[in-house]
Amino acid sequence: MIFCKRIAALVPLLMLSVILRAQCPLENTAILGNEVISYNMYFNWQFVWVKVGTASMSTTSTTYQGASAFRTSLITRGNGKADKFFVLRDTLTGYCTQTLSPLHYRKGAQEGSYYTVDEASYSYPDGKCRVKLHRQKNDGTHVRDTKTLNHCVYDMVNLFQRARSFDLAGLAKGHEIKFEVTDGVKIIDALLRYRGKETVKGDNGKKYSCLRLEYIQIVKGKEKQIACFYVTDDAHHIPVRIDLSLRFGSAKAYLTNMQVTGN
């Protein structure tokens, strides 16, 4: 009887662990349709955190190739002060279905004098996941590839929106959710690691009870943390703080304002 109870308790964890590989559609429980969330950006400059600009994350209801969809953008912009040391101009855009299946992804990243563009376009023929990949390198050359898989793959924007609809109640601290993600012209192993609950203060002066999620890519068998998200411990999982690993250091974004409305 005790053994059966333990197995029953593990079922939700096992289901969550395989959900990213098992299916593309996911019930959307967090995104209402229209969100605009603003942040202050800070950069670690010689061991001191300096305010260097702003960031915004917006999600809107739209259409993509004639079907209802969500469009999400994450934009970071350094100010004039920051430009004296490095140029930070990142724009990430993703489209997904209303059931959060990825449709298109684009990342344009300018960090210092280094500029790249990554794109992924998704389709689902015969129950498979086909991804057309494109990378524009810093020297202006282009690399393209197409991969067809029996399971779903994701990108950073889509993954984050999906993670907001995960039911994390009851998960143990340190629990990992494995998946595959597009990265330029490659598909690589990655994971989300749940780090428990923390209280986070936004730049609006308010304190929030948050869930901490780490986004990690596996590069040559080694973990490389790309981002860390602190989302509100409620149904909508609004990101209050975002930590980013950049080519020239690390950055943090703290919530300043949020506007969330329904469709």
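Arg193 is buried, with a relative accessible area of 9%. In this predicted model, Arg193 takes part in two of the salt bridges described below, and it therefore serves as the starting point of this report.

**Charged pairs**

Side chains of opposite charge can pair when their charged atoms come close. The structure holds 12 salt bridges. Three of them are listed here.

| Salt bridge | N to O distance |
|---|---|
| Arg193 and Glu223 | 2.7 Å |
| Glu35 and Arg164 | 2.9 Å |
| Arg193 and Glu214 | 3.9 Å |

The pair of Glu35 and Arg164 is a salt bridge between side chains. Glu35 belongs to strand S1 (residues 33-45), whereas Arg164 sits in the loop between helix H3 (156-163) and strand S9 (176-183), so the pair ties together parts that are 129 residues apart in sequence. Glu35 has a relative accessibility of 2% and counts as buried; Arg164 is buried as well, with a relative accessible area of 2%.

The side chains of Arg193 and Glu214 also meet in a salt bridge. This pair links strand S10 (residues 186-201), which holds Arg193, with strand S11 (residues 207-219), which holds Glu214; the two residues are 21 apart in the chain. Both are buried.

Arg193 forms a further salt bridge with Glu223. Because Arg193 lies in strand S10 and Glu223 in strand S12 (residues 222-232), this pair ties together parts that are 30 residues apart in sequence. Glu223 is partly exposed, with a relative accessible area of 48%. A network of salt bridges links Arg193, Glu214 and Glu223 with Glu176, Arg195, Glu198 and Arg212.

**Nonpolar core and aromatic pairs**

In soluble globular proteins, nonpolar side chains tend to be buried together. The largest nonpolar core here has 61 residues, and those with the most contacts inside it include Leu192, Phe179 and Tyr215. Beyond its neighbours within four places in sequence, Leu192 is in contact with several residues, among them Phe179, Glu214 and Tyr215.

Across the whole structure, 4 aromatic pairs are found. One of them, Tyr42 with Tyr254, is edge-to-face, with 5.8 Å from centre to centre and 85° between the planes. Tyr42 in strand S1 and Tyr254 in strand S14 (residues 249-262) are 212 residues apart. Tyr254 counts as buried at 17% relative accessibility.

The rings of Phe179 and Tyr215 have centres 6.2 Å apart and planes at 15°, so this pair is stacked. Phe179 in strand S9 and Tyr215 in strand S11 are 36 residues apart. Phe179 is buried, with a relative accessible area of 1%, and Tyr215 counts as buried at 2%.

Definitions and conventions. Residues are numbered from 1 along each chain as its sequence is written. This is a predicted model: local features need pLDDT of at least 70, side-chain atom pairs count only at pLDDT 80 or more; totals for chains, interfaces and linings use all residues. Side-chain values use heavy atoms; hydrogens and water are left out. A nonpolar core is a set of buried Ala, Val, Leu, Ile, Met, Phe, Trp, Tyr and Cys residues joined through side-chain atoms within 4.5 Å. Buried means under 20% relative accessible area, exposed over 50%, partly exposed in between (1.4 Å probe, protein chains only). Contact means heavy atoms within 4.5 Å. A salt bridge is a side-chain nitrogen of Lys or Arg within 4 Å of a carboxyl oxygen of Asp or Glu. Helices (H or I, at least four residues) and strands (E, at least two) are DSSP runs, numbered from the N terminus. Rings of Phe, Tyr and Trp (its six-membered ring) pair if their centres lie within 6.5 Å; planes under 30 degrees apart count as stacked, over 60 as edge-to-face and the rest as tilted.
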